[in-house]
Amino acid sequence: MNASKSSPSVQPYLFFEGSCEAALHFYKDKLGAAITALMRYKESPEPTGCGTMPALPPDKVMHAAFRIGETVLMASDGQCSGKPDFSGFALTLTVADIPASERAFAALSDGGQVVMPLGKTFYSPSFGMVTDRFGLMWMVIVLPEACP
């Protein structure tokens, strides 16, 4: 049996409640994300407002997938409420070195709010926390060098 098909996996699915497309372009521009799939509500084989599909703006994102490094995240406009709620978790962006952490932190801070300024900690040469303009919290970290 193929291990990739039998092993469970977990992927974040983010509901941007109406700002998904803007978020995708922000992450593409700021973090080099690759948008690997995008389906709008109007492209659904089941019309919105019928059966299981609520009546939602046809040009909004029903489903998207994007990759940052090796990680695939999924996203949607959800119910298009305009009120995303990303409380109770954060995404961790692990980067190679301090300059990369400074670039990523500055990019995610654009229009966002710094929660913990980027700096040296006892567990990392560079760590910081920021809530981006979409309300999603990120922890940017450089892992310490491995002990000899």
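The dialogue below goes through the sheets, helices, cysteines and salt bridges of a predicted model.

Biologist: Start with the sheet that holds strand 5. In what order do its strands lie?

Modeller: The order describes how strands sit side by side. Here the four strands form an open sheet in the order 5-8-7-6, and the pairing is mixed. Strand 5 (91-95) and strand 6 (113-121) are the edge strands, each pairing on one side only. On average, neighbouring strands in this sheet are turned by 15° against each other, with direction ignored.

Biologist: How many bridges join strand 5 to strand 8, and do the two run parallel or antiparallel?

Modeller: Strand 5 and strand 8 (residues 137-142) run parallel and are joined by five bridges. To find a point of register, take T94: its bridge partner in strand 8 is I141.

Biologist: Which helix packs on this sheet?

Modeller: Helix 3 (residues 98-109) does, touching strand 5, strand 6, strand 7 (124-131) and strand 8. The direction of helix 3 makes about 10° with that of strand 7.

Biologist: Which residues of helix 3 are buried?

Modeller: The general idea comes from helix geometry. An α-helix has 3.6 residues a turn, so residues three or four places apart point the same way. In helix 3 the buried residues are A100, S101, A104, F105, A107, L108 and S109. They pack against helix 2, strand 5, strand 6, strand 7 and strand 8.

Biologist: What span should helix 3 have, and what does the model give?

Modeller: The expected span counts 1.5 Å for each step from one residue to the next, so the number of steps is one less than the number of residues. For the twelve residues of helix 3 this gives 16 Å, and the end C-alpha atoms are 16 Å apart, which agrees.

Biologist: Now the sheet that holds strand 1. What is its strand order?

Modeller: This is an open sheet of four strands in the order 1-4-3-2, with mixed pairing. Strand 1 (13-15) and strand 2 (34-40) are at the edges with a single partner strand each, so one side of each has no neighbour in the sheet. The average turn between neighbouring strands of this sheet is 20°, direction ignored.

Biologist: In which sense do strand 3 and strand 4 pair?

Modeller: Strand 3 (residues 61-68) and strand 4 (residues 71-76) are antiparallel, with five bridges between them. For the register, A64 stands opposite A75 in strand 4.

Biologist: Which strands does helix 2 lie across?

Modeller: Helix 2 (residues 20-31) lies across strand 2, strand 3 and strand 4. Its run is at about 10° to strand 3.

Biologist: Turning to the cysteines, how many disulfides does a search of the whole structure find?

Modeller: A disulfide is a covalent bond between the sulfur atoms of two cysteines. The search of the whole structure finds zero.

Biologist: Why is C20 not bonded to C80?

Modeller: The closest cysteine sulfur to that of C20 is in C80, 9.4 Å away, which is too far for a bond. The cut-off for a disulfide is 2.5 Å. As for their surroundings, C20 is buried, with a relative accessible area of 0%, whereas C80 is partly exposed at 22%.

Biologist: How many salt bridges are there?

Modeller: The test is a side-chain nitrogen of Lys or Arg within 4 Å of a carboxyl oxygen of Asp or Glu. The count comes to four. One of them joins R40 and E21, with 2.9 Å from N to O. R40 lies in strand 2 and E21 in helix 2, so this pair ties together parts 19 residues apart in sequence. R40 is buried, at 17% relative accessible area, while E21 is partly exposed at 30%.

Biologist: What does D110 pair with?

Modeller: D110 and K30 meet in a salt bridge at 2.7 Å, N to O. D110 is in the loop between helix 3 and strand 6 and K30 is in helix 2, so the pair links parts 80 residues apart in sequence. R133 also forms a salt bridge with D110, the closest N and O atoms being 3.3 Å apart. R133 lies in the loop between strand 7 and strand 8, so its pair with D110 ties together parts 23 residues apart in sequence.

Biologist: Which residues form one network through shared partners?

Modeller: K30, D110 and R133 do, through salt bridges that share partners. By relative accessible area, D110 is partly exposed at 33%, K30 is partly exposed at 28% and R133 is partly exposed at 41%.

Note on methods. Residues numbered from 1 in each chain as written. Predicted model: local features only at pLDDT ≥ 70, side-chain atom pairs only at ≥ 80, totals over all residues. Heavy atoms only, no water. Pairing = 2+ DSSP bridges. Axes fitted to C-alpha atoms, helices over the stretch in contact; angles between N-to-C directions. Contact = heavy atoms within 4.5 Å. Buried < 20%, exposed > 50% of the residue type's maximum accessible area, 1.4 Å probe, protein only.
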